[in-house]
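Biologist: Got a minute to walk me through this one? I'd like to get a feel for it before I head back to the bench.

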Amino acid sequence: MIPISEDVRRVISQRLKLGEKALPRVRVEVDRLAFIPGRTEEFRYVINDGKVVTKSASVWIAESTDGVFDGSTTANSQDICFPVQGKTIDTITITDEFGAPRDGGKRPHKGIDLWEDIGTPILAAWEGKVVNITRDRTKGGGFTVNLKHAGGIMTKYFHLSEINCSLDDIVTQGQMIGKLGNTGEVYSNGKLVDEAARAAGKGRHLHFEIWEGVNQDSRIGDGGKAVNPKAYLMGLRKMYGDTVTTGNVIDGGSVSGYLGEIKLSENFDKRNWYEKDVYSRGLNFADYVSVDSGWTLYDSGGKILYTFAAPSSAKVDFDIDLTKLSMPTEGVLNIGFGTNFTSSDEGDAFQVIIDDKAFANVKNFKGTELVELKNLHIPANSKQIKIRVIYGGKRKEYGYGYTEAKTMAIDYIRIQELLPSPPLDDKSEEGLDPTKGYLQQFEYGEFLNNSPTKVDTLQVGSFVYMDTQVLPNIISVEVDNQYESEAMEARITISNPRGFFSPEYNPAYFPELVGLTSPWSYFVNGFHVGVLSENTPIRIYMGYGQHLMRVFTGLIDKVDMTGEGSTLDISARDMYKRLIEKVISEKKAYPEVTHVDNVPDPVPPAGGDRLTQIIMAAQTQSQAYGIPDHKFLLAICKHETVLGTKGMGTVENGSFILGYGCYSAGYCDPKYKGIQAQMMRGAERMSKALASKGKKVSSKADVLYFHDGGDIAPMVWSGDRDNWVDRVWKYYQEMLSSPNDWARTSSTQASAPAAAQPMEMEKPAWVKSSVVIDLIKHGGLSDGGQQAKT
């Protein structure tokens, strides 16, 4: 055995940090927070996709002494807007019809294909709400938009080259929602288009679908079916809104509610439809009605056909047993029909009778197009609906003694629950004698979208700091410093006898510990508080003896109990880690940036009068920023300063020819002074604001989009929005009609330098700032008063 000297022992002790005060140590501190109830917050929110509120007016149709209903029901219709701008059904090229076989006949084509040039604006068929958007360049429908309209109608637009609306937008009829393209799975000459052919424009078309009977909360068409859009595009079918009753009527108040479950949806697509126990055929039904699933009345879609050829009158009924539909609440009835009944007083009528009361009495007919009665009210506890067709006995005349049988086709019937909602008024129906008239319901209010603003008071309380506790019983501590993402995670394992450290610790579970309360799980003002819970502040120190260094600062992420409560695993993350997880787990949408502001200033042109200098500056700066047409900048210049001859555009006022940087009357920022500076800023703004539109203006809507900031909104150009848009668009059209007058050439003009290509990962400062502020807000790290600055 070799003896060790005291000097060697001292060196080893120092190197190994031996001794009671030099052992490795870890210290974990946790801030104990107490929840103090009582604080309330008022907040407002909008239900963007709320249930549809159906508002109906109750009208009693008076009955004359001879038993005839002294009133008439009329349905109001709205024509479709052709979805391809500038085209009609007669001028468009149809490359594939509705119902054409797909996949070797396994499925039918659900829409109609309309061929036109790429970039042609696609318009909304009717007013509606954007309920679904998809983007895929090579699969499925490609760039698609679904719009939900009134009365359960949905339109779908496939294969767009770009989309010019956002999810949950309310669009008006005829508003541009995108542009025609060839994205997704498109074909040319029977072959799937590859990327080379796609770039050449092969396979371009709009696939347009119309669905009927769609559930109100569906975004893809659930509950409905695709119908032939051609009937709508030809004007043979229309979208129907509210019905109106005229004649000797008595106002009976109003009814409102939320549309619920569809109890009956009959499209008469099966010959034995009437064999369902909910139906019963009435008097004369078998004599006048044929069930022909393939018959249509000028594309009205009717599936059951009434034919009246005899010179004598007739009344034909069939009934719907509401007791079989399990509908204890009120309901609404929609029904569509087509007929060649005339509008003359020949005794013809179409009636809907509920429990012996007439809710619809149609005597004037529009012709063979589909007519729809929307949202006829069904009172609670109703038993029976009778569908009645009355033939007055006079055949349809064509002149010269020629006559034709009168026909009627019923296209569909739909019954839906009307769930209760707060009454619109307190008007009572007392005093109305039910024996003197018949109740008529017609929809008159908003039936498309309901987006109310709600105000609620929330008991939020507040968490306040109580004290800091040191976590004992530590088994292991692991700190993971993720250098590649500049973030840290920590994992701590402690022994947890009898669940003493658990957030839900209750000593009553362990009788031998009654009275032994845990500071890690306690009650404050009746609220159970667990210290080791999510978002609790935590700090970790590591070192030797008394020499400790903080190695982690963050929040508890989760607490996992294992081993039947014998151990407790605690995961924590630092602040930056929390932001990183937000980026990964939460869908974010920041503006697409295609370039950065690193375009060098072009060399000013030389010579020429002032107008020439302005035109050449517009040409030079437009070329530098990749703008295909400089005349839009000139149109702005003409509106703002009459091409630099008025106001702040004059030489003596600084040549602020575009009004750029002029924040108030009589003052403009000197750094934007001069023709070149103005055109450079205008071109830069146009390049960024219209990047998604190819940096060009194709419509008046694009002018409005540019004025309001476009892709970099909100950044409005001026305070006279409507006048500015109208005038600039007018001047731009004038310049387009005489392009040679607004172009200049010069032998002394230097060519514009090519714009530098953006570096990978390079983003403009405003994008960086937006991202940081947004992440701080959504990551829950904002102190409520500070703003991030970059």
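Modeller: Sure. One term before we start: helices and strands here are DSSP runs, helices of at least four residues and strands of at least two, numbered from the N terminus. And keep in mind that this is a predicted model.

Biologist: Okay. How many helices and strands does the protein have?

Modeller: There are 11 helices and 42 strands.

Biologist: And what share of the residues is buried?

Modeller: Of the 790 residues in the protein, 45% are buried. As for contacts with a separation of 6 or more, 69% of them link residues 24 or more positions apart.

Biologist: What's the mean pLDDT?

Modeller: It's 75 for the protein, with 69% of the residues at 70 or more. Going by elements, strand β9 (residues 121–123) has the highest mean at 95, while strand β33 (residues 437–443) has the lowest at 40. Residues 46–50 have pLDDT below 50, and that stretch makes 13 contacts in the model beyond near neighbours in sequence. Residues 747–769 are below 50 too, with 33 such contacts.

Biologist: Switching to the inside. Which residues touch the most other members of the largest nonpolar core?

Modeller: Y306, F318, F350, I385, I410 and I415, out of 41 residues in that core.

Biologist: Take I385. What is it in contact with?

Modeller: If you skip the neighbours within four places in sequence, I385 contacts F318, D319, I320, L322, L333, V352, I353, I354, I378 and I415. Apart from that core there is another one, with 39 residues, including I636, L658, M679 and W717.

Biologist: I636 sits in α7, right? Which residues of that helix are buried?

Modeller: Yes, I636 is one of the buried residues of α7, along with K631, F632, L633, L634, A635, C637, H639 and T641.

Biologist: Why do you call α7 largely enclosed?

Modeller: Because 9 of the 11 residues of helix α7 (residues 631–641) are buried, the helix is largely enclosed by the rest of the structure. Its buried residues pack against α6 (610–624), α8 (675–689), α9 (700–707) and α10 (721–737).

Biologist: What follows the helix?

Modeller: V642 comes after α7, and V642 has a positive phi, near 50°. L643, in the loop between α7 and α8, also has a positive phi, about 60°, although it is not a glycine.

Biologist: Is L643 buried or exposed?

Modeller: L643 counts as buried, because its relative accessibility is 14% and the cut-off for buried is under 20%.

Biologist: What else is in that loop?

Modeller: C668 lies in the loop between α7 and α8. With 7% relative accessibility, C668 counts as buried. Not counting residues up to four places away in sequence, C668 touches M648, F656, G661 and C662. The C-alpha atoms of C668 and G654 are 8.5 Å apart, with their positions 14 residues apart along the chain.

Biologist: Where does K695 lie?

Modeller: K695 is in the loop between α8 and α9. K695 has a positive phi of about 60° although it is not a glycine. Leaving out residues up to four places away in sequence, K695 touches Y625, G626, I627, P628, M686, S687 and L690. From K695 to R685, 10 residues apart along the chain, the C-alpha separation is 9.8 Å.

Biologist: And A701, what's the story there?

Modeller: A701 lies in helix α9. At 46% relative accessibility, A701 counts as partly exposed. The C-alpha atoms of A701 and W729 are 9.4 Å apart, and the two are 28 residues apart in sequence.

Biologist: Last topic, pockets. What volume does the second largest pocket have?

Modeller: About 760 Å³.

Biologist: Which lining residues are closest to its centre?

Modeller: R102, H109, H159, E185 and Y187, out of 27 that line the second largest pocket.

Biologist: How does that lining divide into nonpolar, polar and charged?

Modeller: For the second largest pocket, 6 lining residues are nonpolar, 11 polar and 10 charged. Strands that each supply at least two residues of the lining include β5 (93–96), β7 (107–108), β8 (112–115), β12 (154–163), β15 (187–188) and β17 (206–212).

Biologist: Great, thanks!

Note on methods
Residues numbered from 1 in each chain as written. Predicted model: local features only at pLDDT ≥ 70, side-chain atom pairs only at ≥ 80, totals over all residues. Heavy atoms only, no water. Core = buried A, V, L, I, M, F, W, Y, C linked by side-chain atoms within 4.5 Å. Buried < 20%, exposed > 50% of the residue type's maximum accessible area, 1.4 Å probe, protein only. Contact = heavy atoms within 4.5 Å. pLDDT = per-residue confidence, 0-100. 1 Å grid on protein atoms, 1.4 Å probe; cavity = no way out; pocket = protein on both sides within 12 Å on 5 of 7 lines; lining within 4 Å. Points joined across faces, edges and corners; volume = space filled by probe spheres on them. Nonpolar A, V, L, I, M, F, W, Y, C, P; charged D, E, K, R; others polar.
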